[in-house]
Structures are given as structure tokens and as C-alpha cells.
Amino acid sequence: MSLRPEIHFSSVFDHCSLNNNFQCFQGNPLNRLNLHRKSLQDIVQHSQSRFLPYRQLKVLFNQEKKQPVWLTHQFLFDNNNTEHKLTVDQCELVLLGISSQSLVDRSPVATSEPTKIDSETVSKFFLASEPGPDEYIYFAVSIPPSFADKLPGTYMDLRPLLPQLSVIDAAVCGQGRALLDWHQSNQYCGKCGSPTISLEGGTRRKCTKCNHTFYPRTDPVAITLVIHSDKEHVLLGRKPSFPPSMYTCLAGFIEPGESIPEACSREVWEESGVVVNTNQTHYFDSQPWPFLGGQLMIGCYAYATDETITLHDSELEDCRWFSRSEIADMIQRSRNINLDQNDRNLRIPPPIAIAHQLIYNWYSKI
Ligand SMILES: [Zn+2]
């Protein structure tokens, strides 16, 4: 996928605000090379490899440039000025993929240091897809908590950082976070309890005793905007943990044995008592959500056949039908990037959430 500066390097908040069919964490241009992976050994030391450090799933960020910090192998592993030297074996390392070097070097390629690809080394690893001289190989690396690093930047939580990121930084940082989170949670075999090891650049883990193989998982979540039969109201709810006055679409994990419409219908009924027609559930879009273990938010529209609200479980503290004019005000407020988080006026999540895009798309088109 080629990099399009007008998309990939624009603010993800602005891009989502202007394109309601685009979701934050989409638009990752990396070629993941899943068909061509062999061993990580040869490639990590390559001069065209770049590493994005994470510490306890917080990403290393340059607040001045408003960019994640990508480091060379030499800087990270050969040249640290600390008492204890960092080694590759101490870190969890995942190969994210290969792409244009402008992903990290935002200056034009012509002004970058010339680099020559070592095609012999690279071909051992990639077998078929060789990066060109203007491409880099990208890794996410988890720095062990015990290591006192002095790397240039600040470790920051990805979620509050999103409004500051470009489309591409959000997507790539999200990919790294989700994968490192999965590796951190799967250090031991779920079958026999023995240690597991990472293979093929982090695309899987294998048990050292029983050989069971584990693959990174993505948990599907159905997120539903329910439309009233009058077509002029939509159903939104709020949990006690939400910021003040924020309402959003109803959502929940898809359970084993459920189709997407069945999950939408069940979640909506459990949380609100509203009944929807499972034959009329429409897919809108999906959003990779690299938090809470790695989820895929599947956005849908559903149409109510019984609009009576009854809070069956304790998940929501309130659930209401909102009119089109109320929604207009809530959209406007949620698009104010400088909005005071304690503002008491009603609002929906910001444009970087698929809930916002579902609601805005209904408001503007349906
Ligand atoms: Zn095992």
C-alpha cells in the first residue's frame, strides 16, 4: 500500500471528523509479510530495521514532534548509556511489517541518509517480498520494566494520545500495542502451563513442552445504533464509568454460537429492553480497537420493533431515545477537540470512536 500524505499524515481526529466511513486504527500501510516469515534472527540487526519501544504497553512518544519514537538497532541495543545493557533476548519483539521509510522519517526521502539494502540477508527472511532502498522493516519492542532506560521521549498511554496522532501513527501504534498485549498475556501454555516462545516475528507462540500453538486473537464486539420506528430517534445509553453526560451506542462481545445480528439483538435487549428485528440488522463498518486484549468493533444499525426501555442488567445507568436535534448538538460538542472533560452538556464519543461515526452517518444520511 502506498503512503498518501493527505491521508496517512493528517490528524486522525480531523480525518475521522471529515470522513465518517473511516475509522481510527484503519489505514495501516504496512505489508505484514505473513506469508514470508522465517526467523527473526537475521533481520533485527538490519540497518533498515526500526524499533518502536513500549513500556507496560505505553508507547514511547516525542511530545515536541507529536510522533512515536522509532529507533535503530544500534541505538536501542548497542549504544545505550546505562549500566545494564539492553539485549534483544530481554525484550518481546514483534515484526509489524515493511513500508516506506517516510513512515518514520517525515522529511522527503531525498534528504535522508542513503541506505543500501542487504538483499541477501533480507531474502533469507522475506523469501519473496524484498524491501526496496526506500523502505524500512518495522518492529514493536516491549522494554522490560526492570530496565532503567533513558530513551528519548516519554512513555504514554495510547488512548489519550490518539487526538495528537496522525492516521498512520494511530494504526501502527495500535497494531504494536495489541500484539505486545497478547504476547504479554500468553507467556504460559493454556493447556499444560509450560512456558511458550514467540515464533515468526510474533505471529504465533508455541508451548515449549506440548507444542500447542497459539495465535494472536481478536475479540469481536457488536456495537449497535438502534433506530426508532419513527426514524427520527436513536437509542443511546451510558455506563456509570463514562465521562459526565456522555451517551453512546450499545455494545457487547459476540458470544460463541452467535451471528452478528443475533449478538446485536441480545445485547440491545439485555441492556435496554428494546426489541430489534434481527432480519434487518445492517453492517456499517468495523474498527480495530487495540485495548482490553485487542477487539474488533463491528458497527451495525438495527431497527426497533418494541421501543419500551427496561434496564434488565446493571450495565447501564441510563438509556434513552434521542431526537435528531439533540443528536445534532451532541455531535457538535464531541467534535470540539478542546472540550472540557467535565462539561455537563450531553455529548457522544469523539470521531475517533466508531460509535461517533455510526451516529453521525445516521444523522447525515439515513
Ligand atoms: Zn503446553
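The following exercises, each with a worked solution, concern a predicted model.

**Exercise 1. The zinc site**

Determine which atoms coordinate the zinc ion, which geometry the site has, and how the donor residues are spaced in sequence.

Solution.
- Step 1: Identify the donors. The zinc ion is bound through the SG atoms of C189, C192, C207 and C210, at 2.3 to 2.4 Å.
- Step 2: Check the angles. Among the 4 donor atoms the angles are 100 to 119°. Four donors count as tetrahedral if all angles lie between 85 and 135 degrees, so the site of the zinc ion is tetrahedral.
- Step 3: Write the spacing. The donor residues follow the pattern C-x2-C-x14-C-x2-C.
- Step 4: Place one pair in the chain. C189 is in the loop between helix 7 and strand 7 (196–199), while C207 is in strand 8 (residues 204–207). These two residues are 18 residues apart, and the pair links distant parts of the chain.
- Step 5: Classify the accessibility of that pair. Buried means under 20% relative accessible area. C189 has 5% and is therefore buried; C207 has 2% and is therefore buried.

**Exercise 2. The sheet of strands 7, 8 and 9**

Work out the strand order of this open sheet and state which strands are at its edges.

Solution.
- Step 1: Pair strand 7 with strand 8. They run antiparallel over 4 bridges. One of the bridges has T196 facing C207 in strand 8.
- Step 2: Describe the connection. Strand 7 and strand 8 make a hairpin with 4 residues between them, and E200 in the turn has a positive phi of about 50°.
- Step 3: Pair strand 8 with strand 9 (residues 213–214). The two are antiparallel and are joined by 2 bridges. R205 has F214 in strand 9 as its bridge partner, and K206 stands opposite T213 in strand 9.
- Step 4: Describe the second hairpin. Strand 8 and strand 9 are separated by 5 residues, and N211 has a positive phi near 70°.
- Step 5: Assemble the sheet. The order is 7-8-9, in an open sheet of 3 strands with antiparallel pairing. Strand 7 and strand 9 are the edge strands, since each pairs on one side only.
- Step 6: Add the helix. Helix 7 packs on this sheet and touches strand 7, strand 8 and strand 9. The direction of helix 7 makes about 10° with that of strand 8.

**Exercise 3. The span and burial of helix 7**

Compare the expected span of helix 7 with the distance between its end C-alpha atoms, then judge how far the helix is enclosed.

Solution.
- Step 1: Compute the expected span. Helix 7 covers residues 167–185, which is 19 residues. The expected span is 1.5 Å times one less than the number of residues, so helix 7 should span 27 Å.
- Step 2: Compare. The end C-alpha atoms of helix 7 are 27 Å apart, which agrees with the expected value.
- Step 3: Count the buried residues. In helix 7, 16 of the 19 residues are buried, so the helix is largely enclosed by the rest of the structure.

**Exercise 4. Strand 5 and its partners**

Find which strands pair with strand 5 and in which sense, and describe the surroundings of S49 in strand 1.

Solution.
- Step 1: Take strand 1 (residues 49–55). Strand 1 and strand 5 are parallel, with 6 bridges. P53 has V141 in strand 5 as its bridge partner.
- Step 2: Take strand 4 (residues 92–100). Strand 4 runs antiparallel to strand 5, and 8 bridges join them. L93 also has V141 in strand 5 as its bridge partner.
- Step 3: Assess burial. Strand 5 (residues 135–142) is mostly covered, with 7 of its 8 residues buried.
- Step 4: Turn to S49, which is in strand 1. The relative accessible area of S49 is 0%, so S49 is buried. Leaving aside neighbours within four places in sequence, the contacts of S49 are I43, V44, L71, T72, H73, I137 and F139.

**Exercise 5. Two lysines with positive phi**

Locate K66 and K231 and classify their accessibility.

Solution.
- Step 1: Recall the background. Most residues other than glycine have a negative phi.
- Step 2: Read the values. Phi is near 55° for K66 and near 65° for K231.
- Step 3: Locate the residues. K66 is in the loop between strand 2 (58–62) and strand 3 (67–68). K231 is in the loop between strand 10 (219–227) and strand 11 (233–238).
- Step 4: Classify. K66 has 42% relative accessibility and so counts as partly exposed; K231, with a relative accessible area of 46%, is partly exposed.

Key:
Residues are numbered from 1 along each chain as its sequence is written. This is a predicted model: local features need pLDDT of at least 70, side-chain atom pairs count only at pLDDT 80 or more; totals for chains, interfaces and linings use all residues. Side-chain values use heavy atoms; hydrogens and water are left out. Buried means under 20% relative accessible area, exposed over 50%, partly exposed in between (1.4 Å probe, protein chains only). Donors are N, O and S atoms within 2.8 Å of the metal (3.2 Å for Na, K and Ca); water is not among the atoms, so sites may look incomplete. Four donors count as tetrahedral if all angles lie between 85 and 135 degrees; four count as square planar and six as octahedral if opposite donors are over 155 degrees apart and all others between 65 and 115; anything else is irregular. Contact means heavy atoms within 4.5 Å. Two strands pair if DSSP finds at least two bridges between them. Axes are lines fitted to C-alpha atoms, for helices over the stretch in contact, and angles run from 0 to 180 degrees between N-to-C directions.
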